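Me: I'd like a close look at how the strands pair up here, taken step by step. After that, please show me what lies around them.

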Amino acid sequence: MARRAVLFDLGGVLLEPGLQHFLGSFERDWALPRNFLRDVLLSGGSDSPYYRVMRGQITLSQLFSEMEQGCRHRASALGIALPGGFSMARPFQDLAAQGRLNERMLRAAGILRRNGFKTGILTNNWVDDSAGRFWTAALLERLRRHFDLVLESCQIGMCKPDPRIYSYALEALQARPQEVIFLDDLGENLKPAREMGIATILVRDTDSVLRELQELSGIQLLTQEEPLPTPCDPSGVTHGYVSIRPGVRLHFVELGQGPVVCLCHGFPESWLSWRFQIPALADAGFRVIALEMKGYGESTAPPGELGMPGWDGNAGIWDGMGSGIPQVVLVGHDWGGAVAWNVALFYPERLRAVASLNTPYRPAQPGVDILEKLESQPAFEYQLYFQEPGVAEAELEKDIGRTLKILIRSMEPEDRLHSGSGFQGIRERGGILVGFPADPPPSRILPPAELEFYIQNFQKSGFRGPLNWYRNLRANWAWALTARDRKIQIPALMLTAGKDPVLHPKLSQGMEAWILQLRREHIQDCGHWTQMER
């Protein structure tokens, strides 16, 4: 029977090192006899403090109190004195401060999930009401984004190695024992699972574990090529709406806690274009807000022309989100990049920093008509084709799936489509899609599920709103001219590549590393940021 599900233990498997390591360090630091804490924890058998906290009968704070009392009794029986300042909270605090997720194991779980496996965590865990409970909440929140199931003993009312918890896990996975692989760092937890017919792996070191997991699953986990990060999907993020002026209500999604990073997409895209970056930045400790730009999907648009002038009322987008957001790191791609540069010009006080992917800063030039300038640059002819209302809409909306499969593709040779003249000579041949296949092959960067999401979004909004961004070029140009003597002097990053870095997630790692550096450093101490000038 083919295996189709994998269960991972948490401490000692996904989180290293496990609690046992810190209990041992605590004993050594306080000069306690070997296994002193283990003996107290397990005193009482099935009614011991350990099993009671793991079954959720007592909380972590109650465990600390019971353990400290038990340690005093145990020390008295051994004729030793506990040192001053003794606290059972210490090893748990060390776990929170020093424990690290095993990124290779997380990546393996992601690969398995993308290959059709159900993945879950089966952990002996406690109800955390201690001062360190935020760490527990943040850790579990992150893991839930990477796994189909997170099963905690304290919430189930039974714990490993009780055979009943494995039956519970099989039911939750909707799998038979022969279809499941289970990884744990304790042999006593593996034994009952193995007796039920579950394939088990004793975790000692990551390399040998991944080799064994690869052999049991039949999935390549040791490839030298770095796998793609785990993307988010519409059901895994919080959705919100903010009215920024009459007739304009923006839809946005958000994930994570911490300093705000705001992401703005381009044409013809969606907030889902950032599906790889959203969870990666949230995991790194940021609150990520991805806007659905005006005229796209669930974001409404006024009946007239769209554009950037005024940024819709002095950054009212962020002021309207709950208690308001004083500053963000603003990142844009394509049209979103143009928005980002102009917000940096007009409202620098609202930005910690600004970044653009594949859209360089192009300052407005006095005495130049932007449409006439485009006429001299064949690569931008599509923007001129978009100017006549109704023409491009009719072509792009005729078969939205075909439109998206033509316009959203990677630059990899095997993924490129050929129409003879590409995106030049568009007006002469009568359309941007003319000459391309009637039934284009699938796009490598727009898999079926994402393609269907995009199709539904554009069926809802049509292409009028997205195209009107191009029809407002002169107004945008005139607005930018009012700031022609200004410079962008806040921290700024421009990232460009032959491939689209939003839809090719590995190419945006420079952007993510840069944002992380902003979190670590005081901006005023950074002397190496690019100064963008007109």
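Reply: Start with Phe8, whose bridge partner in E4 is Ile121. That pair belongs to a parallel match: strand E1 (residues 5-8) and strand E4 (residues 118-123) are joined over 4 bridges. (Strands are DSSP runs of E with at least two residues, helices are runs of H or I with at least four, and both are numbered from the N terminus; two strands pair if DSSP finds at least two bridges between them.) Keep in mind that this is a predicted model, where local features need pLDDT of at least 70, side-chain atom pairs count only at pLDDT 80 or more, and totals for chains, interfaces and linings use all residues. Residues are numbered from 1 along each chain as its sequence is written, and side-chain values use heavy atoms, with hydrogens and water left out.

Now zoom out a little. E1 and E4 sit in an open sheet of 5 strands, ordered E5-E4-E1-E6-E7, with parallel pairing. Strand E5 (149-152) and strand E7 (199-202) are at the edges with a single partner strand each, so one side of each has no neighbour in the sheet. From one strand to the next, the twist averages 20° (axes are lines fitted to C-alpha atoms, for helices over the stretch in contact, and angles run from 0 to 180 degrees between N-to-C directions).

A helix comes in here too. Helix H7 (residues 133-146) lies across E4 and E5 and runs at about 140° to E5. What does Asp283 touch, leaving aside its neighbours within four places in sequence? Asp283 is in contact with Arg142, Arg145 and His146 (contact means heavy atoms within 4.5 Å). Asp283 itself is in helix H12 (residues 277-283). Its C-alpha atom is 9.0 Å from that of Ala138, though the two residues are 145 apart along the chain.

There's another open sheet to look at, this one with 7 strands in the order E8-E9-E11-E10-E12-E13-E14 and mixed pairing. Its edges are E8 and strand E14 (492-495), each with a single partner strand, so one side of each is left without a neighbour in the sheet. The twist here averages 20° from one strand to the next.

Both pairing senses show up in this sheet. Strand E8 (residues 238-245) and strand E9 (residues 248-255) run antiparallel and share 7 bridges, with Phe252 of E9 as the bridge partner of Gly240. Their hairpin has 2 residues between the strands, and Gly247 takes a positive phi near 90°. For the parallel sense, look at strand E12 (residues 328-333) and strand E13 (residues 351-357), which pair over 6 bridges; Leu357 in E13 is the bridge partner of His333. Helix H15 (residues 335-346) packs on this sheet, touching strand E10 (260-264), E12, E13 and E14, and its direction makes about 150° with that of E13.

How far can you trust the model? The chain averages a pLDDT of 87, and 87% of the residues score at least 70 (pLDDT is the predictor's confidence in each residue, from 0 to 100). Be careful with residues 499-504, where pLDDT stays under 50, and with residues 521-534, where pLDDT also stays under 50. For that second stretch, 521-534, the model has 32 contacts beyond four places in sequence.
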